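Me: I am new to this structure and would like to go through it step by step. Please show it first.

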Amino acid sequence: MISSSTDYDVVIMGGAFSGASTGMLLKREHPAMRILIVERTVQFDRKVGESTSEVAGCFLTRVLHQGDHLSAHHYQKHGLRMWFCKTPDDDVGDLTEIGPRYQSRLPTFQLDRAVLDEHLLKEACDFGCELLRPATIKTITLSEDEAPHTLEIMPQEGQMRTVTTRWLIDASGKAAVLSKKLGLHRSMESEHPTSSIWCRFRNVNGLDSYKSRKMHPKLMGKVSGLRTTATNHLMGHGWWCWIIPLSDGSYSAGITWDRRFFTLPEGPSLLARLQAHLMTQPIGRLMFENAVPDADDTFYYKNLAYRSERIAGNRWVMVGDAAGFMDPLYSHGLDYCGHTVSAATDLVERNLAGENTQGITDYLNTAYPRSYQLWFNALYKDKYSYLGDAELVNATFLLDLSAYFIGPVRGVYDTPEIEWKQMPYGGRAGEAFGWFMAFYNRRFVHLAEVRRRKGIYGRANNGHVWLPFISLSPDPTALRLLWAGIKVWIKAEIVTWLAPTPATAPVMMAEKPVEA
């Protein structure tokens with residue numbers, strides 16, 4: 001029940017996407033609830049990726065009801081598109097391309113996260129949340145019984161404030177304040193040692209421009225939709241680059257790589273190293289040869305993947321990136337934000353209404369790490385080893401996306417009142433799909449190793465345009481694309497094993513990691 005014995009019913013640490021969404025959902029349904037959002041920054045910076053997937057698009061438009069804002073201030077995203085080459089000198093028209101033939105069916109967006117986060121925080125405040133910004137939480141004293149939690153907060157201007165609260169919600173993002181404070185934070189560096197550099201560019205030549213199509217007439221070929229507003233990925237062994245258009249005319253471009261397989265070219269600065277790498281790929285040169293970077297908007301992260309062993313306790317809960325993060329390849333980060341925010345708001349609402357919520361807490365502490373590990377093994381474990389082979393990526397593209405639409409996407413559209421409060425790939429069906437996905441992921445890792453040994457890795461990186469024959473939908477039609485992916489997988493197995501082994505195996509140079 002809402003109590004007057006504390007300063008607040010809920011204090012939320014962090015006012016970006018997850019924190020603002022949590023405050024908004026709680027306050028609009030419970031106007032009397034006293035909610036304080038503490039945000040340390042004066043203004044939000046931009047994040048690693050700005051794309052959403054279909055689950056996050058559903059959360060934004062059907063849970064947060066942000067369709068008007070998204071339509072007015074952000075690009076509609078038209079799928080994921082991947083480009084492969086054999087050499088840096090390949091002609092753009094000869095590159096192998098994987099992606100949708102038509103525009104997207106479900107709402108997804110290319111987000112300027114700084115704009116979106118500010119808008120969501122303002123909406124949370126408009127609903128009645130109190131905001132303390134900029135301010136830093138200096139101490140957190142968690143209660144182990146029914147006593148309130150106590151926080152000491154230092155505003156940038158003013159005196160130290162001591163506040164008490166029934167509930168504490170950690171939406172601190174990568175800072176993962178509670179997870180680290182409680183010794184629950186676990187890095188995935190040994191399994192997934194990834195790094196990422198990104199920057200904003202202007203004067204970028206879009207793929208649908210007159211210049212691009214005049215230089216490379218094949219770009220007018222089989223694709224009926226727009227390429228520019230897709231999330232375009234440049235693919236290679238151990239790395240991938242993203243190219244994302246933003247509504248202010250700039251582009252977000254960056255690289256994520258697995259340090260076991262790839263070393264970023266040397267250079268005098270992080271930005272110079274990113275630019276040099278973009279110039280090694282024909283699409284990168286076409287788009288960024290005359291691009292102007294914003295040197296002050298360059299960021300670097302090391303060891304992107306981490307998770308908390310538990311995400312809830314005695315009247316505290318973690319949401320979004322404060323609970324964990326995997327990889328930006330498929331833009332699934334906001335999916336987990338949607339699920340954890342929904343689960344956290346349900347937990348807090350029920351507890352403050354006087355219900356015994358220990359069962360929900362126990363579920364979250366079991367379901368979140370299980371879901372995280374299942375999804376990681378299915379989608380990302382050692383995946384970077386085969387990102388440079390178009391045939392293998394085409395198979396996993398069809399398999400991964402069809403499984404995603406059959407499971408998580410269908411769930412949030414068909415049964416949102418149940419699905420949002422649960423973690424992805426739950427239940428027996430979810431476990432079965434997770435096992436199947438992890439199995440074929442392991443097979444592709446092995447096939448990539450054999451192909452490199454036989455000298456046929458990336459053999460189809462030129463001369464192909466692979467487009468799904470139907471658009472993905474969260475219904476049984478996705479099973480047709482799943483079957484198509486299985487057939488591509490079988491073909492890749494046959495081609496790999498029938499390829500002769502060279503009399504002298506190709507020398508596999510060890511790529512020594514270099515710290516950025």
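Me: How many of the eight residues of strand S15 are buried?

Reply: This is a predicted model, in which local features need pLDDT of at least 70 and side-chain atom pairs count only at pLDDT 80 or more, while totals for chains, interfaces and linings use all residues. Residues are numbered from 1 along each chain as its sequence is written, and side-chain values use heavy atoms, with hydrogens and water left out. Strands are DSSP runs of E with at least two residues, helices are runs of H or I with at least four, and both are numbered from the N terminus; buried means under 20% relative accessible area, exposed over 50% and partly exposed in between, with a 1.4 Å probe and protein chains only. Strand S15 (residues 251-258) is largely enclosed by the rest of the structure, because the number of its residues that are buried is eight of the eight.

Me: Which residues of S15 are buried on the side opposite Tyr251, Ala253, Ile255 and Trp257?

Reply: In a regular strand the side chains alternate between the two faces of the sheet. In S15 both faces are covered. Opposite the four residues you name, the buried ones are Ser252, Gly254, Thr256 and Asp258.

Me: Which residue stands opposite Trp257 of S15?

Reply: Two strands pair if DSSP finds at least two bridges between them. Strand S12 (residues 194-202) pairs with S15 in the antiparallel sense over eight bridges, and strand S14 (residues 239-245) does so over seven bridges. The residue opposite Trp257 is Trp239.

Me: What is the order of the strands in the open sheet of three strands?

Reply: The pairing in this sheet is antiparallel. Strands S11 (185-187) and S21 (324-325) are the edge strands, each pairing on one side only. Three bridges join S11 to strand S18 (residues 306-308). The order is S11-S18-S21.

Me: What is the angle between the planes of Phe436 and Trp489?

Reply: Rings of Phe, Tyr and Trp (its six-membered ring) pair if their centres lie within 6.5 Å; planes under 30 degrees apart count as stacked, over 60 as edge-to-face and the rest as tilted. Phe436 and Trp489 lie 6.3 Å apart, centre to centre, and form a tilted pair. Phe436 is in helix H13 (residues 427-454) and Trp489 in helix H14 (residues 478-498), 53 residues apart. The angle between the planes is 55 degrees.

Me: What is the relative accessible area of Trp489?

Reply: Trp489 belongs to one aromatic cluster with Tyr386, Trp435, Phe436, Phe439, Tyr440 and Phe444. Trp489 counts as buried because its relative accessible area is 10%.
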